[in-house]
Amino acid sequence: MIQRRTALGASLGLVIVIASLGALPRPTTAQSSAVDLRNVVTGEKLDFSDVLPEGKDTPGVKQFLATGHNPYITDASCLKKGEQTFLAACSGCHGHIGEGKIGPGLADNYWTYPQNTTDAGLFSTVFGGANGQMGPHNESLTLDDMLQVTAWVRHLYSGPVADAEWLNDEQKKAYKPYKLGETFPDNPPGMCAKTGKS
């Protein structure tokens, strides 16, 4: 009887220790970057400790984490992939061309969260989710996928160029509002182009 109580007590103690370990804060891994990425609702720093391993060390992700600017915004190779991801993961709520359905429209100059006028803000919304039906995509998309899809969202923009804060001066001069039916070659050159490696 004493051995049974001792074993039960030890087992209970082990369960308590394991449960308390889960309550400890997890370290953030990519927050050593120059960009302070935060959840758009809670303001908490985004936790990159559990991101999908593939697509987190690409040149584009590294550049974004260093600058807060999405290098894929005008890169046709990334826009093609971003469009495919958007159609699969986002269009059900935001519409095929960002016109909005149960989620807000993404093609005009009104942003539910003002920080989405920046690349870091829009990325944070995709990564960490927002209010309503917008859940986090950090477990279903890689960091690189998120940059590609946010580049596509920027490409869908058809509002005034003056309100496109994410564009630099050179990009604003070249800006053309999205036209339905635009297409890209299957494998255009650029940062997201296939390299021939499997």
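Does threonine 150 count as buried, or as exposed: which of the two? Threonine 150 counts as buried, because its relative accessibility is 4%, and buried means under 20%. Keep that residue in mind. We will come back to it.

Good morning, everyone. A word of caution to start: this is a predicted model.

Let's take the whole chain. It has 198 residues, and buried residues make up 40% of them. There are seven helices and zero strands. Read from the N terminus, the elements run α-α-α-α-α-α-α. Now the contacts. Take those between residues at least 6 apart in sequence: 60% of them join residues at least 24 apart.

I will build the picture around one helix, H6. Helix H6 covers residues 143-156. We will look at H6 with three partners: H5, H3 and H2.

Partner one is H5. Helix H5 covers residues 119-128. The axes of H5 and H6 come within 10 Å. They cross at roughly 120 degrees. What do we call that arrangement of H5 and H6? The range for roughly perpendicular is 65 to 115 degrees, and roughly antiparallel starts over 145. The angle of roughly 120 degrees fits neither, so H5 and H6 are oblique to each other. Their crossing is right-handed.

Who touches whom? From H5 we have Asp119, Leu122, Phe123, Val126 and Phe127. From H6 they meet Leu143, Met146, Leu147, Val149, Thr150, Val153 and Arg154. Sort the residues of this contact by class. You get nine nonpolar, one polar and two charged.

Thr150 is in that list. So back to our opening residue. Threonine 150 is found in helix H6. Set aside residues up to four places away in sequence. Threonine 150 then touches Asn70, Leu122, Phe123 and Val126. Look at phenylalanine 123 in particular. Along the chain, threonine 150 and phenylalanine 123 are 27 residues apart. Their C-alpha atoms are separated by 6.6 Å.

Stay around H5 for a moment. Find asparagine 116. Asparagine 116 sits in the loop between helix H4, residues 91-94, and H5. Is asparagine 116 buried or exposed? Its relative accessibility is 6%, so asparagine 116 counts as buried. What does its side chain make a polar contact with? The partner is the side chain of threonine 125, at 2.7 Å. Leave aside the neighbours within four places in sequence. Asparagine 116 is then in contact with Val40, Trp111, Gly121, Leu122, Thr125 and Arg154. Two of those names came up a minute ago: Leu122 in H5 and Arg154 in H6 are part of the helix contact.

Partner two is H3. Helix H3 covers residues 76-89. The axes of H3 and H6 come within 7 Å and cross at roughly 95 degrees. That makes H3 and H6 roughly perpendicular to each other. On the H3 side, the contact is made by Cys78, Leu79, Lys81, Gly82, Glu83, Thr85 and Phe86. On the H6 side, it is made by Gln148, Val149, Ala151, Trp152, Val153, His155 and Leu156. By class, that is eight nonpolar, four polar and two charged residues.

Pick out glutamine 148. Glutamine 148 is in helix H6. With a relative accessible area of 5%, glutamine 148 is buried. Again, skip residues up to four places away in sequence. Glutamine 148 touches Tyr72, Cys78, Lys81, Gly82 and Cys192. Cys78, Lys81 and Gly82 belong to the H3 side of the helix contact.

Partner three is H2. Helix H2 covers residues 59-67. H2 and H6 pack at an angle of about 75 degrees, with their axes 9 Å apart. That makes H2 roughly perpendicular to H6. Gly60, Val61 and Phe64 in H2 meet Leu143, Asp144 and Leu147 in H6. The residues divide into four nonpolar, one polar and one charged. Leu143 and Leu147 also appear in the contact with H5.

One last stop, also in H2. Alanine 66 lies in this helix. Alanine 66 is partly exposed, with a relative accessible area of 48%. Which residues does alanine 66 touch, not counting those up to four places away in sequence? They are Ala34 and Val35. Alanine 66 and alanine 34 are 32 residues apart in sequence. In space they are 5.0 Å apart, C-alpha to C-alpha.

To recap: H6 is oblique to H5, roughly perpendicular to H3, and roughly perpendicular to H2. Thank you.

Key
Residues numbered from 1 in each chain as written. Predicted model: local features only at pLDDT ≥ 70, side-chain atom pairs only at ≥ 80, totals over all residues. Heavy atoms only, no water. Axes fitted to C-alpha atoms, helices over the stretch in contact; angles between N-to-C directions. Helix = DSSP H or I, 4+ residues; strand = E, 2+ residues; numbered from the N terminus. Parallel < 35°, antiparallel > 145°, perpendicular 65-115°, else oblique. Left-handed = near helix turned anticlockwise from the far one by under 90°. Contact = heavy atoms within 4.5 Å. Nonpolar A, V, L, I, M, F, W, Y, C, P; charged D, E, K, R; others polar. Buried < 20%, exposed > 50% of the residue type's maximum accessible area, 1.4 Å probe, protein only. Polar contact = N/O pair within 3.5 Å; in protein donor to acceptor, adjacent residues only side chain to side chain.
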